Amino acid sequence: MPGIPRFLFILCVVVCTTSAAVTKRALGMGNGKYANLPAVPTSQINAEAVRAQLAALGFQTVVKPDLDQARMVSEIRDFAGTVNADDIVFFYYSGYGTELEGDNYLLPVNYDAGSRLYPVRTLLSLLEGRKAGQRIIVLDAAWECTGLPENQGLAMMQPPDRTLVSFNTAMGFVKPPSGNTPSRFTAALVEALKKPGLSLTEVFNDVQKNGVQPGDSQRPYLNSSAIDNFYFIPRPKEEPTVVVRDRPPGAGDSRLNPKDQLNYIWIPSGTFQMGCVQGDTKCKAEESPAHPVTISKNFWISNSEVTLTAYGLFLKANPSHPAPRKTQTHRGGLVTEGPISEVTWQDAQDYCKWAGDGGRLPTEAEWEYAARGGRSGEIYPWGKATDPKTQANYSGTTNSELKKTFHEITPVRSFPENGWHLFDMAGNVREWVADFYNPDAYKGPGPFVDPLVSAGKVHVVRGGSWNATDFDLRSSFREGAKGPHDNTTGFRCVLPNLEAR
């Protein structure tokens with residue numbers, strides 16, 4: 001029996017988005033006194049921490065502690081009956097649970113080996129039937145429990161549209177008990193909910209970053225599908241003026257693109273040395289000679305590869321655009337925060353044009369400039385050597401936890417950022433760039449200012465992928481695509497301008 005969480009706490013929040021005043025309602029279920037499993041002392045502590053923050057945000061909260069199977073079913077069913085079309089629902093669960101045959105279940109306090117469990121998919125079906133709007137499902141559920149065998153964590157889910165499901169750790173793993181204090185994950189969630197101006201995506205990016213102990217690879221994970229642009233605390237109306245006029249962006253600054261809900265990084269104009277660096281004995285002829293290249297204009301570039309979630313927003317806005325095929329690489333679409341693949345160069349261009357005014361693929365020079373992150377003379381985005389456990393997802397990766405949980409790709413931001421806060425500039429999926437491939441492009445004549453190879457037979461791909469060797473991870477490595485699309489190739493976008501929210 002896989003995935004067993006440490007305690008049960010359910011919190012559902014509905015925000016009615018009508019022309020009248022917004023109604024905020026919360027249902028909490030804190031199950032800590034299990035009859036046949038170890039007690040969960042953090043249940044009510046977590047419940048109170050979340051209740052207090054929701055109250056501060058204007059939510060009306062009701063907590064129902066220590067529910068058995070029958071009461072859990074009736075309370076959730078009755079609450080779902082109050083949900084109206086387009087209501088925003090926030091469901092928080094923390095406690096014992098398990099995965100059986102690919103489905104996730106919540107455990108009532110009277111759980112024993114022969115008792116019934118509450119399936120998460122039943123909750124999703126109830127909300128779908130009520131035509132709820134944005135649905136936010138948070139499962140602080142993967143906790144060690146000696147009373148349950150084969151405790152292997154929870155399973156990935158394929159949520160319906162307008163649904164985000166957040167987990168306190170990667171699929172198939174559990175966390176040790178958190179003692180008598182709120183769990184790291186829940187504490188990070190409460191803190192993220194206090195921050196004004198964060199979109200739904202940014203809140204859970206914040207939780208992913210802060211809801212983990214230093215050095216712990218079991219980061220929070222999420223699945224989502226066609227989520228809405230939702231803010232718990234809206235950004236003050238006057239702030240965009242301050243951001244744009246009084247404080248120009250600096251190198252590495254981040255800004256959310258409301259169109260695709262990805263964070264973009266500001267890259268300053270400048271000159272860098274492109275191509276094979278001194279001391280790199282693996283360079284091929286097409287990476288030489290190294291030569292100075294000037295990027296004459298600032299630009300914004302997505303801090304991660306475009307994800308399945310983001311690409312889903314593009315498809316939702318462009319229903320006639322063909323969708324890429326589902327693959328085992330991303331578990332048939334389940335790894336929604338993994339990079340999209342099986343997209344053609346034209347698909348990538350179409351997405352970037354949709355993502356913002358002047359949106360496009362980066363040029364090969366822009367891509368390498370960004371990958372180097374303001375550092376010179378380095379072979380890789382992080383330095384001169386690779387660490388197969390901590391720096392990138394490629395064929396030599398030895399991070400057994402990630403390899404066990406994910407097939408080939410990993411969620412974006414699973415590995416450290418570079419000097420300009422960009423993730424996965426090496427590994428995971430290689431990336432389309434704007435240029436056609438020319439092995440002699442570096443041979444001149446110069447000067448090289450905003451170079452772009454605009455004609456040829458195949459386009460350039462950069463960065464190496466999950467099945468590449470460390471040879472392909474080098475920042476100077478370049479190759480021409482061998483086919484129109486495959487499960488090793490994705491992309492990221494450049495926006496010349498990105499208006500503040």
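Two strands are taken as paired if DSSP finds at least two bridges between them. In this predicted model, that criterion yields an open sheet of four strands in the order β19-β18-β16-β20, with mixed pairing. Its edge strands, each pairing on one side only, are β19 (478-480) and β20 (489-490). One pairing within this sheet joins strand β18 (residues 459-462) to β19, in the antiparallel sense and over three bridges. In that pairing, Val461 has Glu479 of β19 as its bridge partner.

Another open sheet of four strands runs in the order β11-β12-β15-β21, here with antiparallel pairing. The edges are formed by β11 (254-257) and β21 (494-495), each of which pairs on one side only. Strand β15 (residues 299-302) is joined to β21 over two bridges in the antiparallel sense, and Leu495 in β21 is the bridge partner of Trp300. As a general matter, strands of a sheet pair through backbone hydrogen bonds, either parallel or antiparallel.

A hairpin offers a further case of antiparallel pairing. Strand β5 (residues 97-100) and strand β6 (residues 103-106) are linked over four bridges in the antiparallel sense, with Thr98 standing opposite Tyr105 in β6. Two residues lie between the strands of this hairpin, and Glu101 in the turn has a positive phi of about 50°.

The helices supply a packing contact of their own. Helix α1 (residues 43-56) and helix α4 (residues 184-193) have axes that come within 10 Å and cross at roughly 5°. Because of that crossing angle, α1 is roughly parallel to α4, the cut-off for this description being an angle under 35 degrees. On the α1 side the contact involves Asn46, Ala49, Val50 and Gln53, which meet Thr186, Val190 and Leu193 in α4. By residue class, the contact of α1 with α4 comprises four nonpolar, three polar and no charged residues.

The empty space in the model can be considered next. Rolling a probe the size of a water molecule over the atoms shows where empty space is left. Counting cavities of 30 Å³ or more gives one, and the largest cavity holds about 140 Å³ of space. Its lining consists of 19 residues, with Thr201, Asn205, Gln261, Thr309 and Glu337 lying nearest the centre. At least two lining residues come from each of α5 (200-210), β10, β12 (262-267) and α7. Helix α5 gives the largest share of this lining, four residues. In composition, the cavity lining divides into eight nonpolar, eight polar and three charged residues.

An open space, the second largest pocket, has a volume of about 420 Å³. Of the 21 residues that line this pocket, Ser225, Leu308, Gly312, Leu315 and Lys326 lie nearest its centre. The elements giving two or more residues to the pocket lining are β10 (221-225) and α7 (308-317). Helix α7 makes the largest contribution to the lining of the second largest pocket, with six residues. This lining is made up of seven nonpolar, ten polar and four charged residues. Two elements thus recur: β10 and α7 are among the contributors to the lining of the largest cavity, and β10 and α7 also contribute to that of the second largest pocket.

Conventions. Residues numbered from 1 in each chain as written. Predicted model: local features only at pLDDT ≥ 70, side-chain atom pairs only at ≥ 80, totals over all residues. Heavy atoms only, no water. Axes fitted to C-alpha atoms, helices over the stretch in contact; angles between N-to-C directions. Parallel < 35°, antiparallel > 145°, perpendicular 65-115°, else oblique. Contact = heavy atoms within 4.5 Å. Nonpolar A, V, L, I, M, F, W, Y, C, P; charged D, E, K, R; others polar. 1 Å grid on protein atoms, 1.4 Å probe; cavity = no way out; pocket = protein on both sides within 12 Å on 5 of 7 lines; lining within 4 Å. Points joined across faces, edges and corners; volume = space filled by probe spheres on them.
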